[in-house]
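Hi,

Here is the structure I said I would pass on. Have a look at it first, and then read my notes below.

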Amino acid sequence: MQAGLTSLIGWQFLTRDRVAFAAEQFVRQTSVSAQRKRALLIGINQYEAKDDSQNTPNFSQNTTSSGWLPLHGCVNDVELQRELLIHRFGFAPQDIVTLTDREATRANINDAITEHLVAQTLPDDLVMIHFSGHGSRLGNYNTLVPVDSGLPQNLENLRDITLQEWRSWLQQISTDRLLCVIDAGFYYPNISTLGNFRLRSRVGRNDWQAPTEVAQLEKQAIGTILRAASGDMLCADAQWSGFSSGAFTYALVQQLWQITPATTINVVMSDLATTLDRRALHNDNLSIDKQIAAMVELDPTKQKAIATSTFNSLLTTPDFGSDGVILNSTDRRTADISLAGFPITVLSNYMAGSILQVMATQVAAATPTIAKESEATPSPSSQPVVAVPQATVQVKSRTGFNAKVEILNDYSSLQKLETGQLLQEVMRAVSHNIKLAIALDGGLSKIERVDATSAFSTLPNMFGVNANEQCADCLFGVQSASYGLFTVGHTPILGSFGSVGESVGVAIKRLQPFLESLLAAKLIRATENQATSHLNVKVTLKAMIGMDERSVTIASKASARAGLIPSNTVNNIARTKPINIGDRLECQIENFSDQPLYVRIFCLDPRSKVLTPNFIATPYANDGVIPPAATLTIPYPKAPMNWAVSAPQGMVDVQVVISRSPLLQVAKTLEASQRQASSLNGLIAIPNPLQVAQALLEDLDRAGKPSEFGNLANISDVWMLDVQQWATFNFNYQVA
């Protein structure tokens with residue numbers, strides 16, 4: 001058996017003692033018939049690294065640098081994945097091995113794969129492996145950088161793990177149900193920060209030669225590998241509101257908290273790639289469909305199946321989504337929770353006062369079972385698993401993706417909070433005082449930074465921060481000797497740059513309309529809630545492509561927690577190829593309830609403008625009212641008004657807001673600008689977007705009924721939004 005296992009596990013990486021250990025573990029595991037779930041999670045922040053060029057404003061410039069920086073979000077990536085695997089997918093805590101910071105040496109990583117995974121995994125077991133840290137490129141090889149590997153000036157000290165070695169290690173794990181996540185980049189663009197992000201890549205060397213045993217390894221796909229970057233794509237270590245993480249990891253974890261069994265990998269990766277392109281690092285050279293192809297590595301025979309494949313074959317998925325989980329409870333009335341099921345645009349503005357329902361999970365027609373702190377979460381049954389409301393809690397404070405809650409009312413002495421209970425949103429508190437954080441780009445001089453900080457302090461709802469030190473919504477910087485705005489990933493915002501010679505103060509005054517539009521977009525995005533809404537509504541965004549106006553569905557979405565929407569009506573598809581200027585759009589809204597619903601559509605374009613269709617008027621869209629059990633099409637079919645795709649190129653967000661109550665404040669605020677629009681055909685730019693966004697939140701707040709929940713503390717300075725009353729669907733399309 002030892003001889004056979006030596007061949008099985010890979011002779012070049014084992015000693016006789018480790019083979020004996022592997023044999024002992026393998027024999028022990030063969031007696032266990034039930035499927036096991038195992039995970040190895042690796043996250044490294046504490047690299048002994050520095051970079052003299054970290055303040056370089058533009059990565060295209062030629063710079064000399066020493067090559068890298070320590071990271072901030074990798075250990076949080078491990079925490080996010082661990083909580084997800086235990087509380088969402090039923091992994092036992094003792095079956096998850098974590099290696100963080102100084103533990104994550106090359107030898108320890110190799111040992112953990114061998115002893116925890118190779119030696120103990122049976123053919124039907126599920127294995128999850130995650131790596132967050134720096135990547136690099138040596139010669140023709142992409143590498144993962146363990147904590148004990150240094151700069152490539154000293155080649156003899158390098159302990160990088162080439163991806164060929166990595167795959168060969170994973171190939172020894174005797175299961176096809178293997179999911180590997182790599183949140184690292186390999187291309188180093190001569191700087192270690194870009195915009196408001198650190199880059200997860202270390203300087204490489206072109207002249208490096210792989211050892212013979214590495215060079216002979218074949219590049220062979222194993223299981224399913226999801227990766228943040230490949231080729232020359234960049235990988236972001238992100239500073240969010242109160243915490244850092246990999247942009248890729250947080251977006252993936254958030255999606256996995258919410259997916260249901262029918263959600264395809266293609267839909268998840270489409271949402272993930274779009275999120276990264278909009279919230280992190282935009283890639284001019286890759287469309288969304290090409291980014292998805294670069295992020296997913298499968299056996300070539302399975303590539304075509306990605307459009308219909310789901311995660312359910314890898315991670316047996318519960319039938320309902322979750323917004324968070326109770327991590328621990330000391331007195332059964334208060335608890336620490338994780339809120340990693342919320343998108344980052346929502347989580348960043350999630351305020352004290354928000355209300356969530358504690359859900360007990362149970363097999364249909366069975367009694368509820370709650371996992372105790374010392375027990376593993378039970379594996380999902382083959383029978384339907386339903387979520388049963390058990391208690392209501394209110395958020396008292398939030399730090400990053402963690403928060404503290406307490407039971408809202410003492411309806412019953414039996415109510416108690418226990419570790420592992422899942423949470424679903426009931427009411428969302430959004431602050432009246434949300435502000436726009438503007439990072440001051442590293443390319444500005446000290447005097448320019450002082451002037452900019454002073455100027456931003458005079459603007460309402462705006463403040464300046466230093467890049468890479470705090471969460472930011474955009475950057476103020478200089479390009480070609482003129483001041484303007486960039487996204488947090490350092491993509492210039494079109495139209496925001498002024499004339500050469502303009503002073504900082506004059507530039508910031510000129511930029512105030514741009515900044516107000518960005519703040520308005522931030523407020524509108526804070527209402528996104530497809531995953532948590534109970535509204536019985538489905539929205540489909542279509543495009544009429546080319547001269548023949550061939551109809552294609554960009555995406556079709558329904559409220560995830562609605563009770564009246566037939567499951568077979570939701571098209572689990574996402575179009576990721578760009579559409580062209582001149583193509584037409586159409587939005588279909590299906591109301592499955594017995595009450596009328598009311599709709600407003602907002603479009604956020606690459607110029608940071610907020611636009612709205614100017615054809616929500618009888619008979620073109622019946623004043624934005626969706627009658628009971630009816631479908632509304634915007635614009636109205638065969639009407640003389642078109643919703644045409646227009647310049648500029650880039651990504652456009654479409655926010656479709658639907659409410660049980662009329663959006664009266666929005667209508668009143670928009671009335672003048674719609675009446676004065678130069679064109680009745682298509683979209684109009686909203687001249688007062690911040691007032692419109694605030695009016696939207698006022699309308700949604702008015703539709704809620706917070707008095708039903710008894711004594712709500714500290715909600716005087718927030719809007720309270722009831723998930724029973726509204727739904728905001730986010731769509732994205734890329735203009736070629």
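**Notes on the model**

Gly 464 is partly exposed, with a relative accessible area of 27%. This glycine sits in strand 21, which covers residues 462-466. If you set aside the neighbours within four places in sequence, Gly 464 touches Ile 438 and Phe 456. Its C-alpha is also 8.5 Å from that of Leu 436, a residue 28 places away along the chain. Before you go further, bear in mind that this is a predicted model, so everything here is computed from its coordinates.

Just ahead of that strand there is a backbone oddity. Asn 461 has a positive phi of about 65°, although it is not a glycine. You will find Asn 461 in the loop that runs between helix 11 (446-457) and strand 21. With a relative accessibility of 26%, Asn 461 counts as partly exposed.

Glu 549 does something similar: phi is positive there, at about 50°, and again the residue is not a glycine. Glu 549 belongs to the loop between strand 24 (537-545) and strand 25 (550-558). Its relative accessibility is 40%, so Glu 549 counts as partly exposed.

**The overall picture**

How many helices and strands does the protein have? There are 15 helices and 34 strands. The chain has 736 residues, and 57% of them count as buried. As for contacts between residues at least 6 apart in sequence, 77% of these join residues at least 24 apart.

**Helix 3**

Helix 3 takes in residues 74-87, which makes 14 residues. From first C-alpha to last it reaches 20 Å, close to the 20 Å expected at 1.5 Å a residue. Is this helix buried or exposed? Of its 14 residues, 11 are buried, so helix 3 is largely enclosed by the rest of the structure. The buried set holds nonpolar side chains such as Val 78, Leu 80, Leu 84, Leu 85 and Ile 86, but Asp 77 and Glu 83 are in it too. Cys 74, Asn 76, Gln 81 and His 87 complete the buried list for helix 3.

**Two helix pairs**

I looked at two packed pairs. The first is helix 4 (residues 106-118) with helix 5 (residues 163-171): their axes are 10 Å apart and the packing angle is about 25°. That makes helix 4 roughly parallel to helix 5. The crossing of this pair is right-handed. On the helix 4 side, the contact is made by Arg 106, Ile 109, Asn 110, Ile 113 and Val 118. Helix 5 brings Glu 165, Trp 166, Trp 169 and Leu 170. Sorted by class, the contact between helix 4 and helix 5 has 6 nonpolar, 1 polar and 2 charged residues.

The second pair is helix 13 (residues 512-525) with helix 15 (residues 689-703). Their axes come within 8 Å and cross at roughly 15°. Helix 13 and helix 15 are therefore roughly parallel to each other. Which hand does the crossing of helix 13 and helix 15 have, left or right? It is left-handed. Helix 13 contributes Glu 516, Ser 517, Leu 519, Ala 520, Leu 523 and Ile 524 to the contact. From helix 15 come Pro 689, Leu 690, Ala 693, Gln 694, Leu 696 and Leu 697. The residues of this contact divide into 9 nonpolar, 2 polar and 1 charged. As a reminder, an α-helix has 3.6 residues a turn, so residues three or four places apart point the same way. You can see such a spacing in the contact list, for example at Leu 690, Ala 693 and Leu 697 of helix 15.

Helix 15 has one more residue to look at, Asp 699. With a relative accessible area of 3%, Asp 699 is buried. Apart from its neighbours within four places in sequence, Asp 699 is in contact with Pro 662, Leu 663, Leu 664, Gln 665 and Val 666.

**Cis peptide bonds**

Two of these are worth finding on screen. Ile 634 and Pro 635 are joined by a cis peptide bond, with omega at about -5°. Pro 635 is in the loop between strand 30 (631-634) and strand 31 (650-659). The bond from Ala 647 to Pro 648 is cis as well, and omega there is near 5°. Pro 648 is likewise found in the loop between strand 30 and strand 31.

Cheers

Terms used: Residues are numbered from 1 along each chain as its sequence is written. This is a predicted model: local features need pLDDT of at least 70, side-chain atom pairs count only at pLDDT 80 or more; totals for chains, interfaces and linings use all residues. Side-chain values use heavy atoms; hydrogens and water are left out. Axes are lines fitted to C-alpha atoms, for helices over the stretch in contact, and angles run from 0 to 180 degrees between N-to-C directions. Helices (H or I, at least four residues) and strands (E, at least two) are DSSP runs, numbered from the N terminus. Angles under 35 degrees count as roughly parallel, over 145 as roughly antiparallel, 65 to 115 as roughly perpendicular and the rest as oblique. A crossing is left-handed if the near helix is turned anticlockwise from the far one by less than a right angle, and right-handed if clockwise. Contact means heavy atoms within 4.5 Å. The expected span of a helix is 1.5 Å times one less than its number of residues. Buried means under 20% relative accessible area, exposed over 50%, partly exposed in between (1.4 Å probe, protein chains only).
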